[in-house]
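Please open the model in a viewer and keep the selection tool at hand. The tour below proceeds from one selection to the next and describes what is found at each stop.

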Amino acid sequence: MDSLALYIHWPFCLAKCPYCDFNSHVRDRIPQARFRAALRRELAWEAERLGHRRLTSIFFGGGTPSLMEPDTVADLIADAKRLFKPADDLEITLEANPTSVEAAHLTAFREAGVNRVSIGVQSLDPSALQMLGRQHSAAQATAALEMARATFPRISFDLIYARPAQTLEAWRAELRQALDLAADHLSLYQLTIEAGTRFATLHQRGEIVLPDEDTAAELYVATAEEAVRYGLLPYEVSNYAKPGSESRHNLTYWRYGDYAGVGPGAHGRLTLAGDLVATRRHRAPEVWAERVQQHGHGTTEETALHSVERAREMLLMGLRLAEGVDAQRFLARTGMELPEAVDTGILEQAIEEGYIDWNKRTLTATDSGRLRLDALLAALVL
Ligand SMILES: C[S@@+](CC[C@H](N)C(=O)[O-])C[C@H]1O[C@@H](n2cnc3c(N)ncnc32)[C@H](O)[C@@H]1O
Ligand code: SF4
């Protein structure tokens with residue numbers, strides 16, 4: 001596991017979206033210089049102990065990383081390239097929100113070295129954008145996409161569906177409109193209600209009602225049908241790509257490779273002195289920055305994962321992928337044979353019911369298995 005993916009978290013947003021439980025914060029003035037220095041310092045600290053490993057991807061996530069000053073992005077990319085051994089095809093993704101301010105910075109991000117953007121469109125329906133509390137219009141989203149297409153070799157965008165009262169017909173129409181915008185990658189998420197969000201309160205009061213399970217399943221199947229018609233294949237539960245355009249960075253997570261997480265609340269999984277170590281940074285931006293200033297890093301937790309934990313994590317991640325989990329890699333990464341990590345009775349039943357395929361080399365959730373993946377994993381994984 002010599003290869004490494006690097007995640008860098010930018011924790012600030014213009015406003016807090018009512019559905020979102022990501023580590024994102026709103027400030028009157030974003031302390032750009034302080035956070036640039038802190039991110040660079042924590043990256044250097046992490047690199048020091050990791051050594052000169054092969055770097056396959058960098059992902060600027062958030063929060064809203066398109067609110068970073070482009071020079072900060074350029075500095076971090078230059079640092080990472082110097083501190084690690086960059087792969088020839090190093091993928092550098094930045095999440096961008098489509099407000100006009102951020103769209104104006106796209107060219108500067110490209111010049112900084114970003115070669116892939118992931119745009120948070122969320123919907124092309126004006127009333128849905130309002131319901132989701134977004135700071136941009138549908139027209140701004142399409143304009144940002146057009147601009148991104150002219151600027152970056154690879155683009156992706158996110159949509160949220162299975163929204164309250166959304167019909168199958170309306171979603172198909174919206175998705176076709178989105179697919180016409182010609183990205184090479186799409187992330188299509190069903191709306192989930194996350195604890196502690198504004199939507200959680202509204203949901204509890206009955207003011208937000210999500211589609212029932214059958215409708216959600218119909219929407220999911222229709223989503224894959226539409227994407228496939230446009231040549232985007234479902235390679236993960238919520239992700240669709242033209243062959244070869246899959247997110248390399250996210251594939252590292254799902255294949256359970258090593259990744260370093262830098263910035264407030266960032267997680268990592270790192271091979272260090274033969275152990276696989278889970279790392280987590282402090283979530284509160286200012287506390288994290290203070291700790292970095294004092295100690296060089298803002299780590300709050302660092303735990304070596306034992307075999308059973310690794311096996312569990314690798315299955316939870318890998319079964320999201322259409323390619324499934326490779327038994328040899330599983331043994332190498334966890335020290336366990338794959339069949340030892342699952343409930344044998346449930347496995348046999350799931351194979352019989354057509355939810356799982358197992359050919360002794362790869363364990364895969366079938367299309368219908370991925371449709372009910374949470375329930376399947378809860379029963380299957382020990
Ligand atoms: C880190 S977040 C947001 C990135 C960027 N700041 C934005 O808003 O576009 C990544 C994606 O997760 C999805 N997401 C966040 N909360 C969600 C929820 N409760 N249900 C479904 N999708 C969600 C959104 O599509 C979002 O673009
Ligand atoms: S969805 Fe994006 S913009 Fe909205 S609060 Fe979450 S991270 Fe920020």
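A cavity, as the word is used here, is a set of grid points where a 1.4 Å probe fits but cannot get out. The structure, which is a predicted model, holds one cavity of 30 Å³ or more.

**First stop: the cavity**

Rolling a probe the size of a water molecule over the atoms shows where empty space is left. Please select Ala-96, Asn-97, Pro-98, Thr-99, Ala-103, Leu-106, Ile-119 and Ala-144, which line the largest cavity. The volume enclosed there is about 30 Å³. How many residues of this lining are nonpolar, polar and charged? Six are nonpolar and two are polar, while no charged residue takes part.

**Second stop: the surroundings of ligand 2**

Asn-97, a member of the cavity lining, also belongs to the shell around ligand 2. Please keep Asn-97 selected and add the other residues that surround ligand 2: Cys-13, Ala-15, Lys-16, Cys-17, Tyr-19, Cys-20, Ser-24, Gly-63, Thr-64 and Arg-134. By class, this shell comprises five nonpolar, four polar and two charged residues.

Within the shell, please turn to two of the cysteines. Is Cys-13 buried or exposed? Residues under 20% relative accessible area are classed as buried, and Cys-13, at 13% relative accessibility, therefore counts as buried. Cys-17 has a relative accessibility of 15%, so this residue counts as buried as well. A search of the model for pairs of cysteine sulfur atoms within 2.5 Å gives a count of zero disulfides.

**Third stop: the second largest pocket**

The next selection is an open space rather than an enclosed one. The second largest pocket contains about 230 Å³ of space. Its lining consists of 15 residues, and those closest to the centre of the pocket are Ser-3, Thr-56, Thr-252, Arg-255 and Gly-257. Strand S1 (4-10), strand S2 (54-62) and helix H10 (248-254) are the elements that each give two or more residues to the lining. Which element gives the most? Helix H10 does, with four residues. The lining of this pocket divides into four nonpolar, six polar and five charged residues.

**Fourth stop: a hairpin**

Strands of a sheet pair through backbone hydrogen bonds, either parallel or antiparallel. Please select residues 233-236, strand S7, together with residues 239-241, strand S8; the two strands run antiparallel and are joined by three bridges. S7 and S8 form a hairpin, with two residues between them. To view one of the bridges, display Glu-236 and its partner in S8, Asn-239.

**Fifth stop: a sheet of three strands**

The final selection is an open sheet with the strand order S13-S15-S14 and antiparallel pairing. Strand S13 (325-326) and strand S14 (356-358) are the edge strands, each of which pairs on one side only. Three bridges connect S14 with strand S15 (residues 362-365), and these strands run antiparallel. One pair to display is Asp-357 with its bridge partner in S15, Thr-364.

Please finish on Ile-356, which is found in strand S14. Its relative accessible area is 0%, so Ile-356 is buried. How far is the C-alpha atom of Ile-356 from that of Ser-187, and what is their separation along the chain? The two C-alpha atoms are separated by 24 Å, and the residues are 169 residues apart along the chain.

How values were computed
Residues numbered from 1 in each chain as written. Chains lettered and ligands numbered in written order. Predicted model: local features only at pLDDT ≥ 70, side-chain atom pairs only at ≥ 80, totals over all residues. Heavy atoms only, no water. Near = heavy atom within 4 Å. Nonpolar A, V, L, I, M, F, W, Y, C, P; charged D, E, K, R; others polar. 1 Å grid on protein atoms, 1.4 Å probe; cavity = no way out; pocket = protein on both sides within 12 Å on 5 of 7 lines; lining within 4 Å. Points joined across faces, edges and corners; volume = space filled by probe spheres on them. Pairing = 2+ DSSP bridges. Buried < 20%, exposed > 50% of the residue type's maximum accessible area, 1.4 Å probe, protein only.
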